[in-house]
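Let us go through this structure step by step, beginning with how its strands are matched and ending with how much confidence the model deserves.

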Amino acid sequence: MRKYIAFTFVFVALFLCSCRNNQASVTPSSDVQTEDTPRTIMADMAYEGVNNYCHSAYDWSAAKDNPDIMSLTMGEETDSAYQVVFRSYTGAFVHFYVDKTSGTTRMVERVPALNVEEEAGTINLFDYLENQK
């Protein structure tokens, strides 16, 4: 019986050690930095990326004759994020919250006339920056 317990203990110890070593060698791709990847998102990068996204995702033809009905402006800035606000011709606003370090951009759509606010998803800002493609 003692041999069985000792063998089980050694097996579990070896198993745990091998798992720990495998885990330490895995490097998530999001943590890998290259020379071309900026470490911090600047305000102009946040604006450019969101502008490129908005022009690819929304129909701007309604603003052809009256460009004032659709716009993109910089909003508030915090220590960790920039806010970029897209105003649609429908009266809806999409607030883009751009994380300054990762480029992950959270979208929140607000329709003030209907008192509606909902999460609209996320994008990676780097996918919409011209110099990153």
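Two strands are taken to pair if DSSP finds at least two bridges between them. In this predicted model, strands E4 and E5 satisfy that rule, pairing in the antiparallel sense over 8 bridges. One residue of this pairing can be followed individually, since the bridge partner of Met107 is Gly121 in E5. The two strands form a hairpin with 4 residues between them, and within the turn Asn115 has a positive phi of about 55°.

The hairpin belongs to a fold in which the secondary structure comes to 2 helices and 5 strands. Read from the N terminus on, these elements run in the order α-α-β-β-β-β-β.

The side chains add further links to this picture. Side chains of opposite charge can pair when their charged atoms come close. With a limit of 4 Å between a side-chain nitrogen of Lys or Arg and a carboxyl oxygen of Asp or Glu, the count in this model comes to 3 salt bridges.

What does the salt bridge between Lys100 and Glu77 tie together? The side chains of these two residues meet at 2.7 Å, N to O. Lys100 lies in the loop between strand E3 (93-99) and strand E4 (104-111), whereas Glu77 lies in strand E1 (residues 71-77), so the pair ties together parts that are 23 residues apart in sequence. Lys100 is buried, because its relative accessible area is 11%, and buried means under 20%.

A further salt bridge joins Arg106 and Glu119, whose closest N and O atoms are 2.9 Å apart. Arg106 lies in strand E4 and Glu119 in strand E5 (residues 116-124), so this pair ties together parts that are 13 residues apart in sequence. With a relative accessible area of 36%, Arg106 is partly exposed. Arg110 forms a salt bridge with Glu117, and here the closest N and O atoms are 2.9 Å apart. Arg110, at 22% relative accessibility, counts as partly exposed, while Glu117 is exposed, with a relative accessible area of 53%.

Strand E1 can also be approached through another of its residues, Leu72. Is Leu72 buried or exposed? Its relative accessible area is 11%, so Leu72 is buried. Leaving aside its neighbours within four places in sequence, Leu72 is in contact with Tyr47, Val50, Asn51 and Cys54, and also with Val84, Val85 and Phe86. The C-alpha atoms of Leu72 and Phe93, residues that are 21 apart along the chain, are separated by 9.6 Å.

The view can now be widened to the whole protein. Of its 133 residues, buried ones make up 23%. The protein exposes about 9600 Å², of which carbon and sulfur atoms supply 54%. Among contacts between residues at least 6 apart in sequence, 32% join residues at least 24 apart.

How far can the prediction be relied on from place to place? The protein averages a pLDDT of 79, and 68% of the residues score at least 70. Over residues 9-33, however, the pLDDT is below 50, and beyond near neighbours in sequence this stretch has 3 contacts in the model.

Methods
Residues are numbered from 1 along each chain as its sequence is written. This is a predicted model: local features need pLDDT of at least 70, side-chain atom pairs count only at pLDDT 80 or more; totals for chains, interfaces and linings use all residues. Side-chain values use heavy atoms; hydrogens and water are left out. Buried means under 20% relative accessible area, exposed over 50%, partly exposed in between (1.4 Å probe, protein chains only). Contact means heavy atoms within 4.5 Å. Accessible areas come from the Shrake-Rupley method with a 1.4 Å probe; for residues, only the protein chains shown count as cover. pLDDT is the predictor's confidence in each residue, from 0 to 100.
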